[in-house]
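Reader: I am new to reading protein models, and I would like to go through this one step by step. Could you help me see how its strands are arranged?

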Amino acid sequence: MIVDTRALFVRLLRTLEIATVCDVGSMDGTDALRFRRVLPRAAILALEPNPRNVALMRADGRLARRSIRVLPFAASDRDAEAPLFVVDADYAPGRDRFRRGMSSLHRRADGARIVDVVTVRTVRLDALLRAESLMSGPIALWIDTEGMAFEAIAGAAGILGSTAMLHVEAETQRCIGPEQRLLDDVERLLGEAGFRLLATDQPRRALQLNALFLRADSLAAHEAEIRRLAARARARRGVKRAIGGLLPRRLRHLVPGLIETRVR
């Protein structure tokens, strides 16, 4: 099923009574703010390893006012340190959002210009949430980690039993780093943990796409509501693509999810 996975994830936050959301690879906190509007009382953590993005997030009063915690960490499968390859971008507030989200723990293989290499702290999500005492209610994970989705999920193994939903950016080819794990690896890992792939926002031939996974028991418990919300998200995607078809190519990035194949 191909839908607007972002919209479906947000609508399911209430349906699944989510108590904690981890916005992993937050970049600027935009998604965390969207989650807060839906969940006024949930714990929301925004993890972002790029120090240039972190500085902008900490200067953004909206995040503090809405009790969104900004943590300068990269999610991985170990608590350690690792080099972050910082991509050239305009890091002024509100500018160049596409490239500001491209920095990675992989040295990018796609020709993106690296302007800095910084050492960042990597954390396991299960250890982090345990230390923060955020294990008591349903968890949702929003993962956008530029080729590190598999490792981020592997590092959440201890909380997957409490996790109701994951939205994961993943690739189908090694377009970011030569050693990166792909969508098939992510799907296999989550399948073994009791999750099912509900929807993607692009066909699987796309190099990079967003995939929405739900626990099998959550799907069964909320089948009718999920079907209704998925139909709305499918229609939303159709409208966005129709609007995008009317825009010049240089402006299509203003409407997320229009282009089926994105090569970063």
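**Strands and sheets**

Author: In this predicted model, strand 5 and strand 6 (residues 114-123) pair in the antiparallel sense, and eight bridges hold the pairing.

Reader: Which residue in strand 6 is the bridge partner of P83?

Author: Strand 5 covers residues 80-87, and its pairing with strand 6 is antiparallel. For P83, the bridge partner in strand 6 is T119.

Reader: Which strands stand at the edges of the sheet with the order 4-6-5?

Author: This open sheet consists of three strands with mixed pairing, in the order 4-6-5. One side of each edge strand has no neighbour in the sheet, because each has a single partner strand, and these edge strands are strand 4 (73-75) and strand 5 (80-87).

Reader: By how many degrees are neighbouring strands of this sheet turned against each other on average?

Author: The sheet in question is the one with the order 4-6-5. When direction is ignored, the average turn between its neighbouring strands is 50°.

Reader: In the sheet of seven strands, which strands stand at the edges?

Author: The seven strands form an open sheet with mixed pairing, and their order is 3-2-1-7-8-10-9. Each edge strand has a single partner strand, so one of its sides is left without a neighbour in the sheet; the two are strand 3 (68-71) and strand 9 (195-200).

Reader: What is the bridge partner of T20 in strand 7?

Author: Strand 1 (residues 20-24) and strand 7 (residues 139-143) run parallel and are joined by five bridges. Within strand 7, the residue that partners T20 is I139.

Notes. Residues are numbered from 1 along each chain as its sequence is written. This is a predicted model: local features need pLDDT of at least 70, side-chain atom pairs count only at pLDDT 80 or more; totals for chains, interfaces and linings use all residues. Side-chain values use heavy atoms; hydrogens and water are left out. Two strands pair if DSSP finds at least two bridges between them. Helices (H or I, at least four residues) and strands (E, at least two) are DSSP runs, numbered from the N terminus. Axes are lines fitted to C-alpha atoms, for helices over the stretch in contact, and angles run from 0 to 180 degrees between N-to-C directions.
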